[in-house]
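Thanks, everyone. Let me put the model on the screen, and then I'll walk you through it.

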Amino acid sequence: GSHYIALWIGDPTDAGSGGAEVSTSGTGYARVAVSRAGGSWAAPANNAGAQETSNAGVITFPAPTGNWGTVTHMAVMDASSSGNMLYSAALSVSRTINNGDGAPSFAIGALVISEA
């Protein structure tokens, strides 16, 4: 199985009821599947009392074919569309993504998930 990385405009909140995921209509946007199998995520480690992991490979979204807006948050979802939000976090730097920009990506280790 896979988890799916999603980009959000605004805070999705823990309930998944805030903000808005980047639109898939005419934008080229789609969630990116990341396998839950070993090797896709770093081995969990303790960091100040929280279990933490990060992406072990580059996570690259499709190149935008329309404006995505200013992306402020990411979420880990359990489905390629709709589904349930498992984790969410603010990006350390918001990014405005427009038509013609290069494919957005998270470098190895850039996507850190922490659970206390």
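Strands here are DSSP E runs of at least two residues, numbered from the N terminus. Residue numbers start from 1 along each chain as its sequence is written. This is a predicted model, so please note the filters: local features need pLDDT of at least 70, side-chain atom pairs count only at pLDDT 80 or more, totals for chains, interfaces and linings use all residues, and side-chain values use heavy atoms, with hydrogens and water left out.

Start with Gly18. Gly18 sits in the loop between strand 1 and strand 2. Buried means under 20% relative accessible area, exposed over 50%, and partly exposed in between, with a 1.4 Å probe and protein chains only. At 14%, Gly18 is buried. Contact means heavy atoms within 4.5 Å. Leaving out residues up to four places away in sequence, Gly18 touches Trp8, Asp11, Pro12 and Thr13. Met77 is 59 residues away along the chain, and its C-alpha is 15 Å from that of Gly18.

Next, Ala6, in strand 1. Ala6 is buried, at 0% relative accessibility. Its contacts, with the same sequence neighbours left out, include Glu21, Arg31 and Met74. The C-alpha atoms of Ala6 and Val32 are 7.0 Å apart, with their positions 26 residues apart in the chain.

Two of those contacts of Ala6, Glu21 and Arg31, bring us to charge. A salt bridge needs a side-chain nitrogen of Lys or Arg within 4 Å of a carboxyl oxygen of Asp or Glu. The count is one. Arg31 and Glu21 form a salt bridge, at 2.7 Å from N to O. Arg31 lies in the loop between strand 2 (20–21) and strand 3, and Glu21 in strand 2, so the pair ties together parts ten residues apart in sequence. Arg31 is buried, at 13%. Glu21 is partly exposed, at 22%.

Now the core. A nonpolar core is a set of buried Ala, Val, Leu, Ile, Met, Phe, Trp, Tyr and Cys residues joined through side-chain atoms within 4.5 Å. The largest has 23 residues, and Ile5, Leu7, Ile59, Phe61 and Phe106 have the most contacts inside it. Strand 1 (2–9), strand 3 (32–35), strand 7 (69–77) and strand 8 (85–97) each give two or more residues to this core. Beyond four places in sequence, Phe106 contacts Ile5, Leu7, Ile59 and Phe61, among others.

Which residues lie closest to the centre of the largest pocket? A pocket is an open set of points on a 1 Å grid over the protein atoms alone, where a 1.4 Å probe fits, with protein on both sides within 12 Å along at least five of seven lines; lining residues have an atom within 4 Å of a point. Volume is the space filled by probe spheres set on the points. The largest pocket has a volume of about 380 Å³. Of its 22 lining residues, Met74, Leu91, Ser92, Phe106 and Leu111 are closest to the centre. Strand 8 gives the most to the lining, nine residues. By type, the lining has 17 nonpolar, four polar and one charged; Pro joins the nonpolar core types to count as nonpolar, Asp, Glu, Lys and Arg as charged, and the others, Gly among them, as polar.

The second largest pocket comes to about 240 Å³. Its lining has 15 residues, with Trp41, Pro44, Thr53, Tyr87 and Ile113 nearest the centre. Strand 5 (50–54) and strand 10 each give two or more. Here the split is seven nonpolar, five polar and three charged.

Note on methods:
Helix = DSSP H or I, 4+ residues; strand = E, 2+ residues; numbered from the N terminus.
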